[in-house]
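Okay, thanks everyone, let me put the model up. I'd like to talk about how some of the helices pack, and then about a pocket.

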Amino acid sequence: LQMLAPDQRLMAAVLALRSFKESGSRQDADLWLQNCMDQIVSVSGGEHESFHSLGIDCGDLGVANLLEMRSIVGLQTDVMKFAEKDGTDYKSWDIVGDNDMITFHRRRAAELILLKDGNLAFRIIQEFRLQAAEVYIDAIRHYCKEKKQVGQLIPLVKGLKGTLGDIDWDHVIGSAFFILLNECKDRARAKQMMKLLVSDHSRILALLALGKLDKAFSLAVSCADEVDIALILKHANSKGNQQLARKCEEWLRNNTAS
């Protein structure tokens with residue numbers, strides 16, 4: 001290694017990364033990935049110089065320079081820890097490259113890792129510019145399929161707070177609420193999930209789904225929200241709750257701008 005020039009070490013790193021992708025066993029995959037990182041760290045400087053300008057063709061690997069390669073190889077190394085030790089499962093954890101299958105692998109990896117290692121999943125999301133809210137929703141749906149683990153879902157989801165803005169957060173929590181309520185038939189945990197919602201409108205939608213029309217009306221009145229009152233009126237009529245329907249109609253008559 002000491003005898004190689006920097007550009008030769010870069011070429012060696014590229015070849016090692018290709019060998020990782022073509023490896024026939026998990027053991028070989030780990031060895032080539034480590035070899036690639038060893039080559040990368042042995043090069044000093046030139047992190048932002050494009051491989052193309054150096055005559056190194058690695059567009060198929062989805063990396064343009066040494067800095068990108070170091071970041072993605074480091075990420076790949078951490079992701080591989082979640083792959084099975086035996087068999088060919090490790091192939092589905094390959095996130096290096098530039099094609100539709102690799103794009104699918106990245107999204108899948110982020111989803112499966114999210115509720116086990118949120119920091120790593122967030123690195124994947126940031127590195128590859130994935131839609132965080134959609135990854136979170138699919139991760140929660142996948143997690144809920146493991147019915148034995150549903151009891152841990154609420155504290156795990158709470159740990160994600162702060163990684164999304166309020167609108168995206170309510171989109172995720174609202175989706176999780178409906179997954180628990182409709183797919184898992186877990187009304188108790190759906191109610192717990194509802195408590196994590198930020199906006200009053202999202203809470204009102206959840207209350208309506210739970211059939212708690214009167215509580216939804218009280219919340220909508222406190223917010224003076226004409227749109228939500230009109231929505232509650234529709235639900236009251238469909239449920240035959242004439243008393244609540246009259247309250248909604250009266251509120252709308254007195255508060256709707258002419």
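Before the angles, one bit of vocabulary: a helix axis here is a line fitted to the C-alpha atoms over the stretch in contact, and the angle is taken between N-to-C directions, running from 0 to 180 degrees. And keep in mind that this is a predicted model.

So, first pair: helix 6, residues 132-145, and helix 8, residues 166-183. Their axes come within 9 Å and cross at roughly 20°. Angles under 35 degrees count as roughly parallel, so helix 6 is roughly parallel to helix 8. The crossing is right-handed. Who's touching whom? On the helix 6 side you've got A133, E134, Y136, I137, I140, R141 and C144, and they face D168, H171, V172, S175, A176, I179, L180 and E183 of helix 8. Sorted by class, that contact has nine nonpolar, two polar and four charged residues.

Next, go along to helix 10, residues 200-209, and helix 11. These axes come within 8 Å, and the crossing angle is roughly 165°. Over 145 degrees counts as roughly antiparallel, so that's what helix 10 and helix 11 are to each other. This crossing is left-handed. From helix 10, D200, R203, I204, L207 and L208 meet L213, K215, A216, L219, A220 and C223 of helix 11. The split there is eight nonpolar, three charged and no polar.

Now stay on helix 11, residues 213-223, and look at helix 12, residues 226-239. Their axes cross at roughly 160° and come within 9 Å, so helix 11 is roughly antiparallel to helix 12 as well. That crossing is left-handed too. Here helix 11 uses L213, A216, F217, A220 and V221, and helix 12 answers with D228, I229, I232, H235, A236 and K239. By class, it's eight nonpolar, one polar and two charged. If you compare the two lists, L213, A216 and A220 of helix 11 touch helix 10 and also helix 12.

Last thing, the pocket. I mean the second largest one, with a volume of about 150 Å³. What lines it? G62, E68, I72, G97, D98, N99, T103, R106, E127, F128 and R129. Helix 3 (66-80) and helix 4 (100-114) are the elements that give two or more residues to that lining. And the mix is two nonpolar, four polar and five charged.

That's my tour, happy to rotate the model if anyone wants another look.

Methods:
Residues are numbered from 1 along each chain as its sequence is written. This is a predicted model: local features need pLDDT of at least 70, side-chain atom pairs count only at pLDDT 80 or more; totals for chains, interfaces and linings use all residues. Side-chain values use heavy atoms; hydrogens and water are left out. Helices (H or I, at least four residues) and strands (E, at least two) are DSSP runs, numbered from the N terminus. Angles under 35 degrees count as roughly parallel, over 145 as roughly antiparallel, 65 to 115 as roughly perpendicular and the rest as oblique. A crossing is left-handed if the near helix is turned anticlockwise from the far one by less than a right angle, and right-handed if clockwise. Contact means heavy atoms within 4.5 Å. Ala, Val, Leu, Ile, Met, Phe, Trp, Tyr, Cys and Pro count as nonpolar, Asp, Glu, Lys and Arg as charged, and the others, Gly among them, as polar. On a 1 Å grid over the protein atoms alone, a cavity is a set of points where a 1.4 Å probe fits but cannot get out, and a pocket is an open set with protein on both sides within 12 Å along at least five of seven lines; lining residues have an atom within 4 Å of a point. Grid points are joined across faces, edges and corners, and a volume is the space filled by probe spheres set on the points.
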